[in-house]
Amino acid sequence: MRRLYLACALAAVCAAPLSAQDDQAPSPMERGMQQFLEGLLEEMEPAFEGMRGFMAEMGPALGELMEEVEDWSRYEAPEVLPNGDIIIRRKPDESPPPEDSPPPIDL
């Protein structure tokens with residue numbers, strides 16, 4: 001994911017000077033950079049499509065989870081188990097939760 005952000009930032013930085021010189025014919029270096037950026041965006045397109053699909057599928061569940069948890073500072077960082085399950089453990093606190101509290105959310 002970090003590489004994706006880096007590639008997007010690089011594309012944005014490099015494309016800005018290319019678009020500013022519309023009145024002159026592009027130099028060979030500028031044409032090469034433009035072709036490079038077009039190829040990079042073409043290669044990244046499946047990753048963007050995958051992200052859209054993930055957000056469409058998981059967005060509602062993540063929204064429900066965000067509404068359910070009042071204070072995220074009371075929880076540890078998510079942990080991925082060997083079987084692929086993801087758990088978010090509650091940090092130890094001074095008092096146990098009340099008996100009438102709802103059961104934990106099972107994702």
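This is a guided tour of one protein chain, with a selection to make at each stop.

**The whole chain**

Begin with everything displayed, and keep in mind that the model is predicted. The chain has 107 residues, and buried residues make up 10% of them. Colour the model by secondary structure: two helices and two strands should appear. Following the sequence from its start, one meets them in the order α-α-β-β.

Next, switch on the surface. The accessible surface of the chain amounts to about 9,300 Å². Carbon and sulfur atoms account for 59% of that area. A further figure describes how the chain meets itself: of the contacts with a separation of 6 or more, 29% are between residues 24 or more positions apart.

**Stop 1: glutamate 30**

Select residues 28-68, which form helix H2, and then pick out glutamate 30 within this helix. Does glutamate 30 count as buried or exposed, and which side chain of opposite charge is nearest to it? Glutamate 30 is buried, and the nearest side chain of opposite charge is that of arginine 31, 7.3 Å away. Glutamate 30 has no salt bridge.

Now add serine 27 to the selection and show its backbone. A polar atom of the glutamate 30 side chain lies 2.8 Å from the backbone nitrogen of serine 27.

**Stop 2: a nonpolar patch**

Clear the selection and choose Met66, Trp72, Val80, Ile86 and Ile88, which form a nonpolar patch on the surface. Together these residues have about 490 Å² of accessible area. Showing them with the surface switched on brings the patch into view.

Within the patch, look at valine 80. This residue belongs to strand E1, which covers residues 79-80. Why does valine 80 count as exposed? Its relative accessibility is 59%, and exposed residues are those over 50%.

**Stop 3: the salt bridge**

The structure holds one salt bridge. To find the salt bridge, select arginine 89 and glutamate 79 and display their side chains. The distance between the two side chains, from N to O, is 3.2 Å. Arginine 89 lies in the segment after strand E2 (86-87) and glutamate 79 in strand E1, so the pair ties together parts that are ten residues apart in sequence. Side chains of opposite charge can pair when their charged atoms come close.

The 3.2 Å approach between the side chains of arginine 89 and glutamate 79 is also a polar contact. For the backbone view, hide the side chains and use the C-alpha atoms: those of glutamate 79 and arginine 89 are separated by 8.1 Å.

**Stop 4: the two partners in turn**

Keep glutamate 79 selected and display its surroundings. At a relative accessible area of 34%, glutamate 79 is partly exposed. Which residues does glutamate 79 touch, not counting those up to four places away in sequence? They are Asp85, Ile86, Ile87 and Arg89. Of these names, Ile86 has already appeared in the nonpolar patch.

Then move to arginine 89, which is located in the segment after E2. Arginine 89 counts as partly exposed, with 45% relative accessibility. Leaving aside neighbours within four places in sequence, arginine 89 is in contact with Tyr75, Glu76 and Glu79.

Finally, add arginine 74 to the view. How far apart in space are arginine 89 and arginine 74, C-alpha to C-alpha? The distance is 8.9 Å, for residues that are 15 apart in sequence.

**Looking back**

To close the tour, display three of the stops together: glutamate 30 in helix H2, valine 80 in strand E1, and the salt bridge between arginine 89 and glutamate 79.

Technical notes. Residues are numbered from 1 along each chain as its sequence is written. This is a predicted model: local features need pLDDT of at least 70, side-chain atom pairs count only at pLDDT 80 or more; totals for chains, interfaces and linings use all residues. Side-chain values use heavy atoms; hydrogens and water are left out. Helices (H or I, at least four residues) and strands (E, at least two) are DSSP runs, numbered from the N terminus. Buried means under 20% relative accessible area, exposed over 50%, partly exposed in between (1.4 Å probe, protein chains only). Contact means heavy atoms within 4.5 Å. Accessible areas come from the Shrake-Rupley method with a 1.4 Å probe; for residues, only the protein chains shown count as cover. Lys and Arg count as positive and Asp and Glu as negative; His and the chain ends are not counted. A salt bridge is a side-chain nitrogen of Lys or Arg within 4 Å of a carboxyl oxygen of Asp or Glu. A polar contact is a pair of N or O atoms within 3.5 Å; within protein, one must be able to donate a hydrogen and the other to accept it, and residues adjacent in sequence count only if both atoms are side-chain atoms. Patches are made of residues with over 30% relative accessible area and no salt bridge: like charges are joined within 9 Å, nonpolar side chains (Val, Leu, Ile, Met, Phe, Trp, Tyr) within 5 Å.
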